Amino acid sequence: MKPRSFEYIRATSLDDVFVVLDKHDDDAKILAGGQSLVPAMNMRFAAPEILIDIADVDALKGIALNGDVLTIGAMNRHVDVLNSADVATHAPLISAAMPNIAHATIRNRGTFGGSLCNADPASELPACAIAANARFNIQSSAGARRVAAAEFFEGTYATCMEANEVLVSVDVPIAKPTTHVYFDELARRKGDYAMAGLAAQADIKGGKFTSANFVYFAVSEMAAYSKALSQMLVGSKIAKVDVDAVCAALGDDIIPFEDLTTSGAAKAHMMNVLTRRALAAFQEASA
Amino acid sequence: MSASTPVGTPVTITVNGEAMTALVEPRTSLADFLRETGLTGTHVGCEHGVCGACTVMVDGVTARGCLTLAVQCDGGEVETIEGATEAGRLKDLQDNFVEKNSLQCGFCTPGMVLTADELLRQNPSPTREEIREHMSGNYCRCTGYQAIVDAVELTAKQRRGGSLR
């Protein structure tokens, strides 16, 4: 399983990347960590004519606190995000998710931005970005734009990015003392794709939810935010939450699909399990 | 920026301490590049990143040789199982793999040993659960894994100055 032939360009600046993308459009693909693109090319699911290696583009690097957001550059390797004290402090949901991404060796090369742009429905970061109200900084030769996480993802392996655009960084609103997070995924073996996962971030003030973002992944075509849970929980006291009612509302709100290994019914059950664990964790943390 | 045609591009990669210059197609994986130079300790298994048989060291950390293009390593440093063995830093792990019968066909073994070594450098006292977690990206079809975990655990204890018999 060898990939088809292609031309390889090593960019040293964002402008380099824009020049190639503008000229070649769909025929050119960005190579970041390669941990999703190269397997697809090895299996010939993807056969771009040109690969633009962005590993040397400094504009895509760095993790920096910018006032009330943490800006994470797209080219950060997963291992660096995992080990970042700033991410642990200011973006705890992402920090909690990182050890669940693939395996250690994959995390040495795979990138934060690459995973987001790949938009695998079973992946962790899209769900975390939505739950944390992250904003995506996208650039092209035509300029820059910002997109909320909830609008960035459009479907399986589909995002709102145009062929000539580059994800430069993601701004994550920093955690406050009232912020609580819960992350878990259920998989047959460590490192496998999740059968069901939950990235949850809530603000709990004086024992009451002031926000409740429950985002489920690996259960539908893309990460699924539960509007019903948010409506039900916001304004209510955490000590008085009727967990059964919450799970019933979830069951009506998000109906999981069946994939190669797991039935919809099994996924629905797993979503309930994860939701109960999240609510228990939030109860304990805010007590 | 630099561009290379599909036919061949010159790369210089420091492999096991020695600068190697060659003409490679961009699509050539690092694993294939290494094997074609005669360094066949790096094995090609699944070619999509899940089995770990192709594990090598790239710029000091483990990487999938099947998911890394040789051209990406231009100007970089690669260490294979051969180089790491010659450098001597795997000897205790390798001796314990033999001692504990942690290999049969040996296909997964170079990847296992490099990955285990990286774990022990990051976490000198892993639990068996932590060993299994870290090694979960390396598949073995022969041994059933138990003996591999035993060897890594024993090595960890020895490196900390104790021994487990």
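Me: How many nonpolar, polar and charged residues does the lining of the largest cavity have?
Reply: Heads-up: this is a predicted model, where local features need pLDDT of at least 70, side-chain atom pairs count only at pLDDT 80 or more, and totals for chains, interfaces and linings use all residues. A cavity is a set of points on a 1 Å grid over the protein atoms alone where a 1.4 Å probe fits but cannot get out, and lining residues have an atom within 4 Å of a point. A:Phe153, A:Met222 and A:Asp120 are among the lining residues. Counting Ala, Val, Leu, Ile, Met, Phe, Trp, Tyr, Cys and Pro as nonpolar, Asp, Glu, Lys and Arg as charged, and the others, Gly among them, as polar, the split is six nonpolar, one polar and two charged.

Me: And what volume does that largest cavity have?
Reply: The structure holds one cavity of 30 Å³ or more. Taking volume as the space filled by probe spheres set on the grid points, joined across faces, edges and corners, the largest cavity comes to about 40 Å³.

Me: Which residues are the closest to the centre of the second largest pocket?
Reply: A pocket is an open set of points with protein on both sides within 12 Å along at least five of seven lines, and this one has about 410 Å³. Of its 19 lining residues, the closest to the centre are A:Leu82, A:Ala104, A:Arg107, B:Gln122 and B:His134.

Me: How much area is buried between chain A and chain B?
Reply: Residues run from 1 along each chain as its sequence is written, chains are lettered from A and ligands numbered from 1 in written order, and side-chain values use heavy atoms, leaving out hydrogens and water. Carbon and sulfur atoms give 54% of the buried area, which is the accessible area (1.4 Å probe) lost on putting the two parts together, summed over both. The total is about 2900 Å².

Me: Which residue does A:Lys2 meet in a salt bridge?
Reply: A salt bridge puts a side-chain nitrogen of Lys or Arg within 4 Å of a carboxyl oxygen of Asp or Glu, and the count between chain A and chain B is two. At 2.6 Å, N to O, the partner of A:Lys2 is B:Asp32.

Me: Which element gives the largest share of the side of chain A that touches chain B?
Reply: Helices (H or I, at least four residues) and strands (E, at least two) are DSSP runs, numbered from the N terminus. The largest share is five residues, and these come from helix 6 of chain A.
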